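This text walks through one protein chain, going from the overall fold to a handful of single residues. Please keep the sequence and the structure in view while reading.

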Amino acid sequence: MDRAAIMEKVVSLVSETLECDPESVTEDAKFTDLGADSFDLLELVTAFEDEFGTTLDDDVLQGIQTVKDAVNAIEDAQ
């Protein structure tokens, strides 16, 4: 899956999970700025893993702060 397709799905999952405007889900957007708390982040990681059929390592998860970080982690895990 190419980066644009990953980004599209991530935007959809983030906006749905956090109930925020998809236009606010940019690569540079921090999950906390989008209203995510620790429970939301866990829910997002689970959604990403289910959607992309991959598992994200704990070390990688700790470094995910922005949408771009999530897209990079998903891209690297495939």
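The paragraphs below take the whole chain first and then individual residues.

The model shown here is predicted. The protein contains 4 helices and 0 strands, and along the sequence these elements follow the pattern α-α-α-α. Helix α1 covers residues 3–18, and helix α2 covers residues 38–52. Further along the chain come α3 (58–62) and α4 (67–77).

How does the overall size fit a chain of 78 residues? A compact globule with 78 residues would have a radius of gyration near 12 Å, and the protein has 11 Å, so the value agrees with that of a compact globule. Along the principal axes, the C-alpha atoms fill a box of roughly 25 × 25 × 20 Å. Of the contacts between residues at least 6 apart in sequence, 57% join residues at least 24 apart.

The surface and the charges can be described next. Buried residues account for 37% of the 78 residues. The protein exposes about 4,700 Å², of which carbon and sulfur atoms supply 45%. Its side chains include 4 positive and 21 negative ones. The centres of these two sets lie 8 Å apart.

Single residues fill in the picture, beginning with helix α1. Ser-15 sits in this helix. Is Ser-15 buried or exposed? The relative accessible area of Ser-15 is 11%, and a residue counts as buried under 20%, so Ser-15 is buried. A polar atom of the Ser-15 side chain lies 3.2 Å from the backbone oxygen of Ser-12. Leaving aside residues up to four places away in sequence, Ser-15 touches Cys-20, Asp-21, Pro-22 and Val-25.

The loop between α1 and α2 holds Glu-19 and also Asp-33. Glu-19 has a phi near 50°, which is a positive value in a residue other than glycine. What is the relative accessible area of Glu-19? The value is 74%, and the exposed class begins over 50%; Glu-19 is therefore exposed. Asp-33 is likewise exposed, because its relative accessible area is 64%. From Asp-33 to Val-14 there are 19 residues along the chain, and the C-alpha atoms of the two are separated by 12 Å.

In the loop between α2 and α3 lies Asp-57. With a relative accessibility of 54%, Asp-57 counts as exposed. Asp-57 is 15 residues from Asn-72 in sequence, and the C-alpha to C-alpha separation of the pair is 13 Å.

The last stop is the loop between α3 and α4, where Thr-66 is found. Thr-66 has a relative accessible area of 14%, so it is buried. Which residues does Thr-66 touch, not counting those up to four places away in sequence? They are Glu-27, Asp-28, Ala-29, Lys-30 and Phe-31.

Taken together, the residues discussed include buried and exposed positions. Ser-15 in helix α1 is buried, and Thr-66 in a loop is buried as well. By contrast, the loop residues Glu-19, Asp-33 and Asp-57 are exposed.

Definitions and conventions. Residues are numbered from 1 along each chain as its sequence is written. This is a predicted model: local features need pLDDT of at least 70, side-chain atom pairs count only at pLDDT 80 or more; totals for chains, interfaces and linings use all residues. Side-chain values use heavy atoms; hydrogens and water are left out. Helices (H or I, at least four residues) and strands (E, at least two) are DSSP runs, numbered from the N terminus. The radius of gyration is taken over C-alpha atoms; the globule rule is 2.2 Å times the number of residues to the power 0.38. Buried means under 20% relative accessible area, exposed over 50%, partly exposed in between (1.4 Å probe, protein chains only). Contact means heavy atoms within 4.5 Å. Accessible areas come from the Shrake-Rupley method with a 1.4 Å probe; for residues, only the protein chains shown count as cover. Lys and Arg count as positive and Asp and Glu as negative; His and the chain ends are not counted. The place of a charge is taken as NZ of Lys, CZ of Arg, CG of Asp or CD of Glu. A polar contact is a pair of N or O atoms within 3.5 Å; within protein, one must be able to donate a hydrogen and the other to accept it, and residues adjacent in sequence count only if both atoms are side-chain atoms.
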